[in-house]
Amino acid sequence: MSNTIMIQTRMKISHLPTMTGTNAPGGGGDDDETGLVTQTKVKTKKPSLYRVVILNDDYTPMEFVVFILERIFNKGSEEAYKIMLHVHNHGVGVCGIFTYEVAETKVAQVLDLARRNEHPLQCDMERED
């Protein structure tokens with residue numbers, strides 16, 4: 001993503017050939033001219049980030065949640081276990097923070113793997129503020 005910013009500056013232009021001065025018809029005098037110079041700068045905007053969260057349910061085994069965290073989110077077994085306990089105790093847990101496309105892909109992978117294993121596990125993404 002990028003935003004284009006136009007900057008206009010008034011400055012004395014003396015190095016450019018002009019039709020003023022002695023070269024201009026009926027002219028004479030000063031060769032310096034004030035003009036408008038336009039510069040275009042591209043400013044890159046950082047992408048929005050999204051939290052991927054897993055929601056607790058009463059049917060999905062804790063071991064499956066740990067498996068999801070290790071396999072899809074590349075968490076170590078200890079960190080995956082801590083996140084799983086947080087989901088179990090608080091109802092929701094953050095698996096990671098990603099750009100929109102990556103977060104969307106991770107959510108789809110979790111939901112697909114849960115459905116294939118016949119678990120009702122829910123996963124969602126929330127915009128990071």
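## A walk around helix α3

Select residues 100–116 to start: this is α3, a helix with 17 residues that reaches 24 Å from its first C-alpha to its last, close to the 24 Å expected at 1.5 Å a residue. Keep in mind that you're looking at a predicted model.

Now show side chains on α3 and pick out Ala103, Lys106, Val107, Val110, Leu113 and Ala114, which are buried. Look down the axis: these residues sit on the same side of α3, because they cover an arc of only 135 degrees around it. The general rule helps here: an α-helix has 3.6 residues a turn, so residues three or four places apart point the same way. Next, spin to the face of α3 turned away from the buried side, where you'll find the exposed residues Glu101 and Arg116.

What lies over the buried residues of α3? Turn on β3 (49–55), α1, β4 (92–99) and β5 (122–127), which are among the elements covering them.

Stay with α1 and select residues 62–71. The axes of α1 and α3 come within 11 Å and cross at roughly 145 degrees, and the crossing is right-handed. To see the contact itself, select Phe64, Phe67 and Ile68 on α1, then Val110, Leu113 and Ala114 on α3. Colour by residue class and the contact shows six nonpolar residues, with no polar and no charged ones. Val110, Leu113 and Ala114 should look familiar, as they were in the buried set of α3.

Now slide off the end of α3. Just after the helix comes Glu118, so check its backbone: phi is positive here, at about 60 degrees. Then click on His119, in the loop between α3 and β5. Is His119 buried or exposed? It counts as buried, because its relative accessible area of 17% falls under the 20% cut-off. Leaving out residues up to four places away in sequence, His119 touches Thr60, Pro61, Phe64 and Ala114. Two of those names are from the α1–α3 contact: Phe64 on α1 and Ala114 on α3.

Finally, zoom out and colour by secondary structure. The protein chain has three helices and five strands, and from the N terminus on the elements run β-β-β-α-α-β-α-β. Of its 129 residues, 28% count as buried. If you plot a contact map, take the contacts with a separation of 6 or more: residues 24 or more positions apart account for 68% of them.

How values were computed
Residues numbered from 1 in each chain as written. Predicted model: local features only at pLDDT ≥ 70, side-chain atom pairs only at ≥ 80, totals over all residues. Heavy atoms only, no water. Axes fitted to C-alpha atoms, helices over the stretch in contact; angles between N-to-C directions. Helix = DSSP H or I, 4+ residues; strand = E, 2+ residues; numbered from the N terminus. Left-handed = near helix turned anticlockwise from the far one by under 90°. Contact = heavy atoms within 4.5 Å. Nonpolar A, V, L, I, M, F, W, Y, C, P; charged D, E, K, R; others polar. Expected span 1.5 Å × (residues − 1). Buried < 20%, exposed > 50% of the residue type's maximum accessible area, 1.4 Å probe, protein only. Arc of directions from axis to C-beta.
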